[in-house]
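Biologist: I would like a close look at a single part of this structure, please. Could you walk me through it slowly, as you would for someone in the first year?

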2 protein chains.
Amino acid sequence: MKLIDSSTEHKILEAAKTEFLEFGLYGARMQNIANRAGINKALLHYYFRNKEKLFDKVFESALERYFSNMDIMSDDRLDFKERVHGLADRFLDFLNEYPQMALFLIKEVSANQILFIEKVDKNLRGNKTLLSALLDAQQKGVVSLENPMVFFVQLISMCTYPFVAKPLFTVIAERNETSWNSDSLTELRASIHSFIDHQLNLA
Amino acid sequence: MKLIDSSTEHKILEAAKTEFLEFGLYGARMQNIANRAGINKALLHYYFRNKEKLFDKVFESALERYFSNMDIMSDDRLDFKERVHGLADRFLDFLNEYPQMALFLIKEVSANQILFIEKVDKNLRGNKTLLSALLDAQQKGVVSLENPMVFFVQLISMCTYPFVAKPLFTVIAERNETSWNSDSLTELRASIHSFIDHQLNLA
DNA sequence: ACTTTTGTTAACCATTTGGTTAAACCATGA
DNA sequence: TCATGGTTTAACCAAATGGTTAACAAAAGT
């Protein structure tokens, strides 16, 4: 019987995750991954056959983790507005914990758009996502948005791009004798919440 | 005397721009650039010495073009609010014309943060940027924002991320039987304008 | 005309890199 | 104890790739 999580396999996945998140599919080096994991390079191929297969494992688990934040949109204990607020919080917390995640996903999705469609399907299937929840709520009259798709894009943008472009914002802030730090994040969060309130109240 | 723009040099730069914008520094291939330009690979080195130097030329010109949008913040014919509105429009138009630009810049800035600081300095020096204009206006009492840095980040995020993550949004939209197209862009623009008005009027 | 400089090419080189192989290692059970 | 099968390693290989070279062509200078 094959062990699901032999120690070596796990070490490889952790090392691969670190390497791929930092350098992407092209930039990552198999030898580096082996070094990080403290094992021989041939073992990578023994366990995962080739670079792409290994990358796929890492990518899929990242994608899954990313979309899992959407779960809150199906939480029956919360009313609709609370769900949207909660989702924004979860996104901000998630990206604050894994700042490289957003850029990593975007880079790889852009690099291989066709392949990505299938993978997103897997993750969307069955789960409520923000957009489908918005369209649903709109149709049922729970909310009355100018354009749900636009609201969706704006909200995701405000939650995500600050982390994607953190290096850019940091440099520009410094050049203007101010800063972009954890306090700013707190205030960004507050501002996003009031954006949500403002938009959902417009009606 | 050296010709500023020998036809060959220009062809190479155009080809390099296309290749680098699509594949980035690592992904781009010198042979591909030569093929695109219809010349021998050795000529790339004859004109630009090596890959990094060639990339630098492309990168710097992209960065310059990006920051040139900020010029409008010094336009004396407009009042402050008009400038901010105008800037949002210029960014949206610019990114709509070169959709790969945003991701390209972010990718390369993240990959080589230290090097980038110097280059951004060159572009910021002397020119008014959105952030400095905001801080300035805030200090002079022209506007009264909760937090100028946060407003800055939110505005840039809403203008930029929709293009960065266009593949992602497109797929998600399709999976929900809606779409993310040029009409959406028009509505996004309107929504950003009302966001600006709302924020600048809060006081 | 002819010499010098600039532009261009095909062939070549060194290194990197993903991937393979054959042998060794090691646990387990007969 | 020793045969078996999964695990691990060092050495190796082929392809890709950035970069160089030497010879040649075209222009420019005299």
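Modeller: Happy to! Keep in mind that this is a predicted model. Let's look at where the protein meets DNA strand D. Among the atoms of DNA strand D within 4 Å of the protein, 61% are part of sugar or phosphate, and the rest are part of bases.

Now for the protein side. There are 15 residues around DNA strand D, and those that come nearest are N40(A), Y47(A), R29(B), K41(B) and K51(B). Sorted by kind, the residues of this surface are eight nonpolar, four polar and three charged. Two helices each supply at least two of these residues: α3 (41-48) of chain A and α3 (41-48) of chain B. The largest share, four residues, comes from α3(A).

Next, let's zoom in on the phosphates. R29(B), one of the residues that come nearest, has a polar side-chain atom 2.6 Å from a phosphate oxygen of DNA strand D. In chain A, the side chain of Y46(A) has an N or O atom 3.0 Å from a phosphate oxygen of the strand. Chain B adds H45(B), where an N or O atom of the side chain is 3.4 Å from a phosphate oxygen. Each of these three pairs is a polar contact, because the N or O atoms lie within 3.5 Å.

So, to picture this part, start from α3 of chain A and α3 of chain B, then find the side chains of Y46(A), R29(B) and H45(B) beside the phosphate oxygens of DNA strand D.

Terms used
Residues numbered from 1 in each chain as written. Chains lettered and ligands numbered in written order. Predicted model: local features only at pLDDT ≥ 70, side-chain atom pairs only at ≥ 80, totals over all residues. Heavy atoms only, no water. Near = heavy atom within 4 Å. Polar contact = N/O pair within 3.5 Å; in protein donor to acceptor, adjacent residues only side chain to side chain. Nonpolar A, V, L, I, M, F, W, Y, C, P; charged D, E, K, R; others polar.
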